[in-house]
Amino acid sequence: MVCVQPASLADAEAIHHLVTFWADRGDMLHRPLGEVFESIRDFKVARDSGVVTGCGALHILGPDIAEVRSLAVREDAQGSGVGAAIVAACVAEARSLGIERVFALTYRPGFFEKQGFRVADVMEFPQKVWSECVRCPFFANCREIAVVLDLRQP
Ligand SMILES: CC(C)(COP(=O)(O)OP(=O)(O)OC[C@H]1O[C@@H](n2cnc3c(N)ncnc32)[C@H](O)[C@@H]1OP(=O)(O)O)[C@@H](O)C(=O)NCCC(=O)NCCS
């Protein structure tokens, strides 16, 4: 049973450390500590005996769409359902807010497919591309893959 909770300001440095660890290895994009503080209300953390073992954020981009971002699990906690539990908590929050689509840009599309997402064209998310991606140094050579989960009723 993985415990996922809203992050507190006291978790910001642990979140920054975790994201930096994987970003240094090329698995995700860096997030400056200041940006983690600014978006701390977006973040959720998983804990084991009080220690942060994983993090992820649900960032709202519009009335019907949100992004799961900065998803990272400690190396020694991987493969035990932490990542899946954080994504599930983000999706549950999105549902409760009436959000229709949750997407992510990721180097690990297979992980998200296991959580019910499908691979998508990034241009399905113009809010992201034209507000944030254009400012990213990797914009011209982006290797991230878009994935989306549709929460609308069939
Ligand atoms: C990708 C990541 C978040 C997965 O977290 P995790 O806690 O190890 O994953 P879980 O244990 O919750 O795995 C859930 C399921 O996804 C599968 N899975 C995990 N990583 C996967 C991957 N890279 N590709 C495909 N499937 C994967 C697991 O086998 C498991 O399958 P099951 O439900 O059939 O048992 C984690 O490996 C990580 O932090 N990686 C470094 C940062 C990163 O790549 N972030 C990705 C978002 S940008």
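Where is the place of Ser 49? In this predicted model, Ser 49 belongs to the loop between strand 2 and strand 3 (51-62). The sections below treat the ligand site, strand 4, strand 2 with its following loop, and two further loop residues.

**The ligand and its shell**

The ligand sits in the largest pocket. Three elements each give two or more residues to the shell around the ligand: strand 4 (65-73), helix 3 (82-96) and helix 4 (109-114). In total, 19 residues surround the ligand, and those that come nearest are Val 73, Gly 79, Gly 81, Gly 83 and Ala 84. By residue class, the shell divides into eight nonpolar, eight polar and three charged residues.

**Polar approaches to the ligand**

Oxygen atoms of the ligand are approached by both side-chain and backbone atoms of the protein. On the backbone side, an N or O atom of Gly 81 lies 2.8 Å from an oxygen atom of the ligand; Gly 81 is also one of the residues that come nearest to the ligand. On the side-chain side, a polar atom of Lys 114 lies 3.0 Å from a ligand oxygen atom, and a polar side-chain atom of Gln 78 is found 3.2 Å from an oxygen atom of the ligand. Taken alone, the ligand exposes 910 Å², of which the protein buries 70%.

**Strand 4: Glu 67 and Ser 70**

Strand 4, which gives residues to the ligand shell, also holds Glu 67 and Ser 70. Is Glu 67 buried or exposed? Glu 67 is buried, because its relative accessible area is 3% and the limit for a buried residue is under 20%. Along the chain, Glu 67 and Val 102 are 35 residues apart, yet in space their C-alpha atoms are separated by 5.5 Å.

Ser 70 likewise counts as buried, since its relative accessibility is 9%. The backbone of Ser 70 has a positive phi of about 50 degrees, although the residue is not a glycine. Which residue does the side chain of Ser 70 join in a polar contact? The partner is Arg 31, and the contact between the two side chains is 3.0 Å.

**Arg 31 in the loop after helix 1**

Arg 31 is found in the loop between helix 1 (12-24) and helix 2 (33-38). The polar contact with Ser 70 therefore joins a residue of this loop to a residue of strand 4, and Arg 31 is itself buried at a relative accessible area of 16%. In sequence Arg 31 and Ser 70 are 39 residues apart, while their C-alpha atoms are 8.0 Å apart in space.

**Strand 2 and the loop that follows**

Lys 44 lies in strand 2 (residues 43-48). This lysine counts as buried, because its relative accessibility is 10%. The side chain of Lys 44 is joined to that of Glu 93 by a polar contact of 2.7 Å.

Ser 49, in the loop between strand 2 and strand 3, is exposed: its relative accessibility is 73%, and the limit for an exposed residue is over 50%. Phi of Ser 49 is near 50 degrees, a positive value in a residue other than glycine. A positive phi of about 50 degrees is also recorded for Ser 70, but Ser 70 counts as buried, whereas Ser 49 counts as exposed.

**Two further loop residues**

Ile 40 is found in the loop between helix 2 and strand 2. Ile 40 is buried, with a relative accessible area of 9%. From Ile 40 to Ala 57 the separation is 17 residues in sequence and 8.3 Å in space, C-alpha to C-alpha.

Val 134 has its place in the loop between helix 5 (126-131) and strand 7 (145-150). With a relative accessible area of 34%, Val 134 is partly exposed. How many residues apart in sequence are Val 134 and Val 119? They are 15 residues apart in sequence, and their C-alpha atoms are 21 Å apart in space.

Key:
Residues are numbered from 1 along each chain as its sequence is written. This is a predicted model: local features need pLDDT of at least 70, side-chain atom pairs count only at pLDDT 80 or more; totals for chains, interfaces and linings use all residues. Side-chain values use heavy atoms; hydrogens and water are left out. A residue is near a molecule or strand if one of its heavy atoms lies within 4 Å of it. A polar contact is a pair of N or O atoms within 3.5 Å; within protein, one must be able to donate a hydrogen and the other to accept it, and residues adjacent in sequence count only if both atoms are side-chain atoms. Accessible areas come from the Shrake-Rupley method with a 1.4 Å probe; for residues, only the protein chains shown count as cover. On a 1 Å grid over the protein atoms alone, a cavity is a set of points where a 1.4 Å probe fits but cannot get out, and a pocket is an open set with protein on both sides within 12 Å along at least five of seven lines; lining residues have an atom within 4 Å of a point. A molecule sits in a cavity or pocket if more than half of its atoms lie within 2 Å of its grid points. Helices (H or I, at least four residues) and strands (E, at least two) are DSSP runs, numbered from the N terminus. Ala, Val, Leu, Ile, Met, Phe, Trp, Tyr, Cys and Pro count as nonpolar, Asp, Glu, Lys and Arg as charged, and the others, Gly among them, as polar. Buried means under 20% relative accessible area, exposed over 50%, partly exposed in between (1.4 Å probe, protein chains only).
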